[in-house]
Structures are given as structure tokens and as C-alpha cells.
Amino acid sequence: MRLPKTINILGHKIKIVRKQLRSCMGKFVTRQLTIYLHPCNTSLMRETLLHEILHVIIWISRVGFTTLADEERFIHNLSPVLYQVLKDNKGLL
Ligand SMILES: [Zn+2]
């Protein structure tokens, strides 16, 4: 299964672009509505995509973490667990 070129998150069309990144595996650029993913194996790209999707959801929902470090820590802990739950329960959605 290939990664999508765009995804719809709460009415926002988000582009997904593979790009060589130097300091991270992925990043969400709000002004471009684009998630950049560093090319690597598909499983790691999917995990990274879910991580970046959580950044998008937090941005859209205006949850408002005090610092980016707090947001990063929250997503860093939540993302792999959510990824595993979705992977283990394919009929969930
Ligand atoms: Zn992050």
C-alpha cells in the first residue's frame, strides 16, 4: 500500500511530499499545508506520517501546548501507541 499524496484532516487538504530532510524524519509546514517525509522504509514513513498528522490535528484544534517541546513530548509518546492500536485493529474504523 502506497502513501497517499494528500489527506483530508477535518476539512483541510494536506499534501504529503517525500523530501530529503537533514534533522528530522518528518515535518508539518502550516503555511504550505504540507507534511514532508524523509524517504525511508514504508513502516517508518507511516509512523512518521501519523506523528505529523497529530501535529496537524493539534494545530487545527488549537489545543495550545505551552511549548513546542511539550507538544513534541506528547506526540512522541502518543504516536507509536496509536499506530500500534490502529495496526492491530484494522476493522476499527
Ligand atoms: Zn513532532
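Visitor: What makes this an open sheet of 4 strands, and in which order do the strands stand?

Guide: In this predicted model, the 4 strands follow the order S1-S2-S4-S3, and the sheet they form is open with mixed pairing. S1 and S3 (26–29) are its edge strands, since each of them pairs on one side only. On average, neighbouring strands of the sheet are turned by 25° against each other, with direction ignored.

Visitor: How do you know that S1 and S2 pair, and in which sense do they run?

Guide: Two strands count as paired if at least two bridges are found between them, and S1 (residues 6–9) and S2 (residues 12–18) share 4 bridges in the antiparallel sense. Among the residues involved, Ile7 has Ile14 in S2 as its bridge partner, while Ile9 stands opposite His12 in S2. The hairpin of S1 and S2 has 2 residues between the strands, and Leu10 takes a positive phi near 50° there.

Visitor: Why is the pairing of the sheet called mixed, and in which sense do S2 and S4 pair?

Guide: S2 pairs with S1 in the antiparallel sense, whereas S2 and S4 pair in the parallel sense. With 4 bridges between S2 and S4, the requirement of at least two is met. One of the bridge partnerships here joins Val17 to Tyr36 in S4.

Visitor: Which residues does Tyr36 touch, once residues up to four places away in sequence are not counted?

Guide: Tyr36 touches Val17, Lys19, Leu21, Gly26, Lys27 and Val29, where a contact requires C-beta atoms within 7 Å. Val17 in this list is also the residue whose bridge partner in S4 is Tyr36.

Visitor: What makes up the largest nonpolar core, and which element supplies the largest share?

Guide: The core has 5 residues, namely Ile35, Tyr36, Leu37, Leu49 and Ile53. To belong, a residue must be buried, with 20 or more other C-beta atoms within 10 Å of its own, so these five residues meet that cut-off. S4 and H1 each supply at least two residues of the core, and the largest share, 3 residues, comes from S4.

Visitor: Where does helix H1 lie with respect to the strands?

Guide: H1 (residues 42–61) lies across S1, S2, S3 and S4 (34–37), and runs at about 25° to S3.

Key: Residues are numbered from 1 along each chain as its sequence is written. This is a predicted model: local features need pLDDT of at least 70, side-chain atom pairs count only at pLDDT 80 or more; totals for chains, interfaces and linings use all residues. Axes are lines fitted to C-alpha atoms, for helices over the stretch in contact, and angles run from 0 to 180 degrees between N-to-C directions. Two residues are in contact if their C-beta atoms, placed from the backbone, lie within 7 Å. A nonpolar core is a set of buried Ala, Val, Leu, Ile, Met, Phe, Trp, Tyr and Cys residues joined through C-beta atoms within 7 Å. A residue is buried if 20 or more other C-beta atoms lie within 10 Å of its own, exposed if 12 or fewer, and partly exposed in between; C-beta atoms are placed from the backbone.
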